[in-house]
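Please read this briefing alongside the sequence and the model shown below. It goes from the overall fold to the charged side chains and then to one residue and its surroundings.

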Amino acid sequence: MLEAVPRHWYSNTYVILQDGQELAEIRRGLLREQGSIVVEGQACTIRRAGLTGPFLYEVDGAPLAQAMSHSVRRRFEIDYAGQRYSLRAQSLWTRTFLLERNGEVLGTIRPRSLWSRRAIIEIPGFPLPIVLFFFWLVMIQWQREQAATASGA
């Protein structure tokens with residue numbers, strides 16, 4: 001189990017902890033839908049291909065994974081290592097996201113509590129940088145929803 005904790009209460013930079021030990025850092029870029037993941041000193045980038053294209057997860061400029069957003073349905077379709085994965089909201093009423101392949105649930109990402117920005121990441125069997133890419137996608141979706149709620153209030 002991993003825990004994602006904002007660096008500060010106002011920060012869009014998250015520290016990834018396991019058993020209290022810092023493993024990585026996720027930074028959101030100046031533009032909302034770009035960022036980076038730093039694991040063991042290696043920075044991987046996340047950027048959007050065009051205005052509505054897929055999110056590209058790149059290591060040293062080479063794409064490793066890509067995700068297409070279906071924000072109306074709160075879902076991402078992810079291509080990684082020759083497989084297609086779905087990362088979707090568990091229900092309309094929850095912030096929990098499920099990682100699935102062929103209908104089988106492989107893991108979850110959920111807020112630590114109802115109003116918390118902290119998150120619990122339980123996705124076994126994947127390399128840490130890819131797990132953090134999955135979390136980054138959920139983090140972006142949560143921020144979209146928070147912005148939509150704030151603008152509608």
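**Briefing on a predicted model**

The secondary structure of this protein consists of 1 helix and 12 strands, and the coordinates come from a predicted model. Followed along the sequence, these elements appear in the order β-β-β-β-β-β-β-β-β-β-β-β-α, with the helix coming after the strands.

**Overall dimensions and packing**

- The protein has 153 residues, and because a compact globule with that number of residues would have a radius of gyration near 15 Å, the computed value of 14 Å agrees with such a globule.
- Along its principal axes, the C-alpha trace of the protein spans about 40 × 35 × 30 Å.
- Of the 153 residues in the protein, 47% are buried, which here means a relative accessible area under 20%.
- Among the contacts in the protein with a separation of 6 or more, 33% are made by residues that lie 24 or more positions apart.
- The accessible surface of the protein amounts to about 8400 Å², and carbon and sulfur atoms contribute 53% of that surface.

**Charges and salt bridges**

- The protein carries 18 positive and 14 negative charges, and the mean positions of these two sets are 8 Å apart.
- Side chains of opposite charge can pair when their charged atoms come close.
- In this structure, 9 salt bridges are found, and several of them are described in the points that follow.
- Glu3 and Arg118 meet through their side chains in a salt bridge, with a distance of 3.3 Å from N to O. This pair links distant parts of the chain, since Glu3 belongs to strand β1 (residues 2–6) while Arg118 sits in the loop between β11 (104–111) and β12 (119–122), 115 residues apart.
- Within that pair, Glu3 is buried, with a relative accessible area of 14%, whereas Arg118 is partly exposed, with a relative accessible area of 36%.
- Arg84 and Asp79 also meet through their side chains in a salt bridge, here at 2.6 Å from N to O. Arg84 is partly exposed at a relative accessible area of 48%, and Asp79 is likewise partly exposed, at 26%.
- Arg88 forms a salt bridge with Glu100, and the closest N and O atoms of the two are 3.0 Å apart. Because Arg88 lies in strand β9 (residues 83–89) and Glu100 in strand β10 (residues 97–101), the pair ties together parts that are 12 residues apart in sequence.
- For this pair, the relative accessible area of Arg88 is 27%, so Arg88 is partly exposed, while Glu100 has a relative accessible area of 11% and is therefore buried.
- Elsewhere among the charged residues, Arg7, Glu22, Glu25 and Arg27 are joined into one network by salt bridges that share partners.

**Ser86 and its surroundings**

- Ser86 has its place in strand β9, the strand that also holds Arg88.
- Is Ser86 buried or exposed? With a relative accessible area of 12%, Ser86 falls under the 20% limit and is therefore buried.
- Which residues does Ser86 touch, when those up to four places away in sequence are not counted? Ser86 touches Arg75, Phe76 and Glu77, and also Leu98, Leu99 and Glu100.
- Glu100, one of the residues that Ser86 touches, is also the salt-bridge partner of Arg88, and Glu100 itself lies in strand β10.

Note on methods:
Residues are numbered from 1 along each chain as its sequence is written. This is a predicted model: local features need pLDDT of at least 70, side-chain atom pairs count only at pLDDT 80 or more; totals for chains, interfaces and linings use all residues. Side-chain values use heavy atoms; hydrogens and water are left out. Helices (H or I, at least four residues) and strands (E, at least two) are DSSP runs, numbered from the N terminus. The radius of gyration is taken over C-alpha atoms; the globule rule is 2.2 Å times the number of residues to the power 0.38. Buried means under 20% relative accessible area, exposed over 50%, partly exposed in between (1.4 Å probe, protein chains only). Contact means heavy atoms within 4.5 Å. Accessible areas come from the Shrake-Rupley method with a 1.4 Å probe; for residues, only the protein chains shown count as cover. Lys and Arg count as positive and Asp and Glu as negative; His and the chain ends are not counted. The place of a charge is taken as NZ of Lys, CZ of Arg, CG of Asp or CD of Glu. A salt bridge is a side-chain nitrogen of Lys or Arg within 4 Å of a carboxyl oxygen of Asp or Glu.
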